[in-house]
Amino acid sequence: MGEGNMTPKISVILAAFILINACAAPNTVKVNYDSAEISAEAALQRELALNKILSYKKRLNTVSYPILRAATKFCTAKRSYSMGARGSSSSDYKDAWRTTANKIFGGDEYTVTWVAEQGPAAKSGLAVDDRILSINDVEFGTSNQQHNKFYAEASRISKNTAPIKSLLVKRGGQLLEMDIRLEKICGYPVVLQESDAVNAYADGKRIIITKGMMRFAQQDQELALVVAHELGHNLMGHLDKKKTNHMLGTIIDLAAAANGVSTRGTFANMGSRAFSQDFEAEADYVALYYMNAAGLPLEGSANFWRQMAAEHPGSIGTSHSASHPATSERFLAISKTITEINHKINTGLPVEPNLSDSK
């Protein structure tokens with residue numbers, strides 16, 4: 001390698017050395033700690049974080065399950081069957097998080113973390129912290145094969161009406177065997193997303209609620225409104241309708257392109273946005289009927305949008321995004337829908353959403 005190639009490199013190294021030595025540094029003495037202390041603190045923080053996630057999931061299940069159960073009358077096209085319980089095991093986690101989960105659950109066994117009040121599991125005697133050893137003789141195990149087989153059986157029973165004939169449970173030093181009848185619920189699982197954004201959405205198969213939304217919707221009634229709203233998107237087929245509208249716009253774009261006009265996807269975008277605010281308003285509307293069917297209080301639920309307006313004042317007078325109505329509109333629409341539902345209850349009318357003449 002020639003001297004001419006070395007000189008620029010040496011110059012860069014010297015410049016970096018001078019820069020580092022010239023940078024301003026803190027004035028105080030650095031606190032010393034060793035790797036063992038760091039590992040111990042990291043383990044403690046993982047435990048706090050996992051316990052927080054489990055508490056979010058417990059609250060989300062508690063709020064959403066009655067809605068999914070009561071709304072079966074509205075979701076005839078997609079139902080599943082549930083025993084009204086959730087659980088987890090350390091084998092659901094990886095690396096250091098598995099060690100943390102093992103400590104929280106007290107072992108590798110599949111541990112019940114939530115049981116629905118008055119649900120089939122509760123009526124059969126299943127309780128939080130019970131260890132499920134097998135479902136219909138399919139044993140739980142921590143190997144990949146056993147793990148997958150157990151969860152496959154749990155998924156299978158959610159798709160048919162047959163009761164669980166044998167649920168083998170360990171409670172302390174006791175072994176208990178239960179049979180559990182399943183109940184119908186809407187087949188849209190409600191899942192927690194580890195995001196700090198205040199958001200919730202439906203994808204046509206699930207309902208996704210972020211941690212940020214869980215923190216924002218401090219009252220269970222507010223969280224119920226959010227869950228029911230997203231259920232409304234799924235049950236009213238909004239995602240499919242948006243796809244259809246996008247496709248119609250795409251056809252126009254293609255037709256224009258065939259005639260030498262470049263629209264750059266303008267009509268596809270217009271199709272995607274078509275009726276977006278109306279879909280949001282419709283999801284708000286039907287959500288209140290789902291909440292009512294679940295026996296949840298409706299009065300005061302519109303305050304969620306006042307809370308949202310307080311956090312995002314720009315959304316008060318105009319739409320708070322291109323696809324959503326203004327918070328002031330949503331508050332009034334929900335308030336008037338509650339009046340509509342109460343009128344139907346008081347006059348003995350069917351408490352079901354009003355459909356337009358075209359439907």
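How many residues does helix α5 have, and how far does the helix reach from its first C-alpha to its last? The legends below take up this helix and other parts of a predicted model.

**Figure 1. Overview of the protein chain in the predicted model.** The chain comprises 359 residues, of which 37% count as buried. Its secondary structure consists of 12 helices and 11 strands. Among the contacts with a separation of 6 or more, 62% are made by residues 24 or more positions apart.

**Figure 2. Helix α5, residues 144-157.** The helix has 14 residues and reaches 20 Å from its first C-alpha to its last, close to the 20 Å expected at 1.5 Å a residue. Its buried residues include His147, Phe150, Glu153 and Ile157. These four lie on the same side of α5 because they cover an arc of only 130° around the axis. An α-helix has 3.6 residues a turn, so residues three or four places apart point the same way. The exposed residues Asn144 and Gln145 are carried on the face of α5 turned away from its buried side.

**Figure 3. Strands that cover the buried residues of α5.** The covering elements include β1 (79-82), β3 (110-115) and β4 (131-135). Also among them are β5 (138-139) and β6 (164-171). The residues of α5 that are buried include Phe150 and Glu153.

**Figure 4. Ser143, in the loop between β5 and α5.** Is Ser143 buried or partly exposed? Ser143 counts as partly exposed because its relative accessibility is 31%, a value that falls between the limits of 20% for buried and 50% for exposed. Ser143 and Ser91 are separated by 52 residues in sequence, while their C-alpha atoms are 8.3 Å apart in space.

**Figure 5. The largest pocket and its lining.** The volume of this pocket is about 1,400 Å³. It is lined by 50 residues, of which Asn61, Ala85, Arg86, Gly87 and Tyr110 are the closest to its centre. Which helix gives the most to the lining of the largest pocket? That helix is α2 (residues 35-70), with nine residues. By class, the lining is made up of 28 nonpolar, 12 polar and 10 charged residues.

**Figure 6. Helix α10, residues 276-293, and the glycine just after it.** Helix α10 has 18 residues and reaches 26 Å from its first C-alpha to its last, close to the 26 Å expected at 1.5 Å a residue. The buried residues of α10 include the aromatic-named positions Phe279, Tyr285, Tyr289 and Tyr290. Glu280 and Asp284 are also among the buried residues of the helix, as are Ser276, Ala283, Val286, Ala287, Leu288 and Met291. Just after α10, Gly295 takes a positive phi of about 75°.

**Figure 7. Asp95 and Asp129, each with a positive phi although not a glycine.** Asp95 has a phi of about 55° and is placed in helix α3 (residues 95-105). Asp95 counts as exposed because its relative accessible area is 70%, over the limit of 50%. For Asp129, phi is about 80°. Asp129 is placed in the loop between α4 (120-124) and β4. Asp129 likewise counts as exposed, with a relative accessible area of 55%.

Technical notes:
Residues numbered from 1 in each chain as written. Predicted model: local features only at pLDDT ≥ 70, side-chain atom pairs only at ≥ 80, totals over all residues. Heavy atoms only, no water. Helix = DSSP H or I, 4+ residues; strand = E, 2+ residues; numbered from the N terminus. Expected span 1.5 Å × (residues − 1). Buried < 20%, exposed > 50% of the residue type's maximum accessible area, 1.4 Å probe, protein only. Arc of directions from axis to C-beta. Contact = heavy atoms within 4.5 Å. 1 Å grid on protein atoms, 1.4 Å probe; cavity = no way out; pocket = protein on both sides within 12 Å on 5 of 7 lines; lining within 4 Å. Points joined across faces, edges and corners; volume = space filled by probe spheres on them. Nonpolar A, V, L, I, M, F, W, Y, C, P; charged D, E, K, R; others polar.
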